[in-house]
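I opened this notebook to record what I looked up in one structure. The entries follow the order in which I consulted it.

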Amino acid sequence: MTILAIVFALPIVGFLFWWLFIETEGVYLGRRVVIALYDLYAARYDRVKQFDEQADLALISLPIMERVEPQTDPLILDVATGTGRLPLIMARNAAFAGHVIGLDASSRMLKVARKKVAAERFEAYVSLTRGDAQNLPHSDDSFDVVTCLEALEFLPDQRAALAEMIRVLKPGGLLLVSIRIDTRWMPNRTWSEARMRRELAAMQMRNVRVEIWQEDYSQVWAWKARESKPTGVARPDQVQQSPSQIAIP
Ligand SMILES: C[S@@+](CC[C@H](N)C(=O)[O-])C[C@H]1O[C@@H](n2cnc3c(N)ncnc32)[C@H](O)[C@@H]1O
């Protein structure tokens, strides 16, 4: 009887383990587990992802620069920057004269990013900071561009995270986020295109464009209503809230 129970239970436990810790990367177990798992995967992340640098340049870096034209020195916040994918492809673009602040909650992902930034001597273009996507340590209306790639579905409250990104985006600023397409294994974690459009419209975003990007993700581009002067290259501390304003969870 005991052996029979084990034979039946083992595949179920194995499946649950795979689903909770591997396939959905801890997302149903809470923020701390997600971050702990990214800390654990950090050294392998780039090897597993195998990002195509030329494709990233063509589909992320160049379109950002085209969409902020004539500005060449945008101040960008990359939320959930991971190992620095977006900051690095911006810094490698010869037309980019701005600055990217990459924020992530995983110190080990940031450690990998820091090494890559130092190896390419991109410190003038990139700063990296540890923080929570739902509680950004930046002042309102600060950034020319805010990005968040392949990460919204891992955040505890996507609407709150999106509202936070829009808070720090300056009026007229550009937002780039992604929607995960394959939702089979992540019920209730990913938004449809229609839902994303509705949520962004309710947050005063305009000209929402959804574009095919990778096998697993679409890109969503949108602009914050109204206009304001570009922020341009600013020292990261100029857009930082005073420590008393920042609540670290
Ligand atoms: C799939 S990775 C994407 C990284 C990067 N944007 C890219 O495209 O390679 C998701 C990232 O979200 C970060 N993350 C998860 N929850 C977070 C949170 N609450 N605040 C900030 N970063 C978070 C993880 O540490 C991880 O680096």
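The entries below treat domains, sheet, helix packing and core in turn.

**Entry 1. Domains.** I noted at the outset that this is a predicted model. I then looked up how the protein is divided, and found domain 1 (2-48) and domain 2 (51-242). I looked up the distance between their C-alpha centres, which is 28 Å.

**Entry 2. The contact between the domains.** I asked how many residues of each domain are in contact with the other. I found 14 residues in domain 1 and 15 residues in domain 2. On the domain 1 side, helix 1 (2-23) and helix 2 (31-49) each supply at least two of the touching residues. Helix 2 gives the largest share of that side, with 9 residues. I also recorded the character of the domain 1 residues that touch domain 2: 8 are nonpolar, 1 is polar and 5 are charged.

**Entry 3. The sheet.** I turned next to the strands and traced an open sheet of 7 strands, with mixed pairing. I wrote down the strand order as 3-2-1-4-5-7-6. Which strands form the edges? I identified strand 3 (126-130) and strand 6 (205-212), each of which pairs on one side only. The twist from one strand to the next averages 15 degrees.

**Entry 4. One strand pair.** I examined strand 1 (residues 75-79) and strand 4 (residues 143-148), which run parallel and are joined by 3 bridges. Within strand 4, I found Val-145 standing opposite Ile-76.

**Entry 5. A helix across the sheet.** I looked up what helix 6 (residues 158-168) lies across, and listed strand 1, strand 4, strand 5, strand 6 and strand 7 (217-224). Relative to strand 5, helix 6 runs at about 150 degrees.

**Entry 6. The largest nonpolar core.** I recorded a general point before this search: in soluble globular proteins, nonpolar side chains tend to be buried together. The largest nonpolar core here has 56 residues. Which of its members touch the most others? I noted Val-79, Phe-143, Val-146, Met-165 and Leu-175. Strand 5 (residues 169-180) gives the most to this core, namely 6 residues. The core draws on both domains, with at least three residues from each of domain 1 and domain 2.

**Entry 7. One core residue.** I closed with the surroundings of Leu-175, leaving aside residues up to four places away in sequence. Leu-175 touches Val-146, Met-165, Ile-166, Leu-169, Met-205, Ala-222 and Lys-224. Among these, I recognised Val-146 and Met-165 from the core members listed above.

Notes:
Residues are numbered from 1 along each chain as its sequence is written. This is a predicted model: local features need pLDDT of at least 70, side-chain atom pairs count only at pLDDT 80 or more; totals for chains, interfaces and linings use all residues. A nonpolar core is a set of buried Ala, Val, Leu, Ile, Met, Phe, Trp, Tyr and Cys residues joined through C-beta atoms within 7 Å. A residue is buried if 20 or more other C-beta atoms lie within 10 Å of its own, exposed if 12 or fewer, and partly exposed in between; C-beta atoms are placed from the backbone. Helices (H or I, at least four residues) and strands (E, at least two) are DSSP runs, numbered from the N terminus. Domain bounds come from an automatic or database domain assignment. Two residues are in contact if their C-beta atoms, placed from the backbone, lie within 7 Å. Two strands pair if DSSP finds at least two bridges between them. Axes are lines fitted to C-alpha atoms, for helices over the stretch in contact, and angles run from 0 to 180 degrees between N-to-C directions. Ala, Val, Leu, Ile, Met, Phe, Trp, Tyr, Cys and Pro count as nonpolar, Asp, Glu, Lys and Arg as charged, and the others, Gly among them, as polar.
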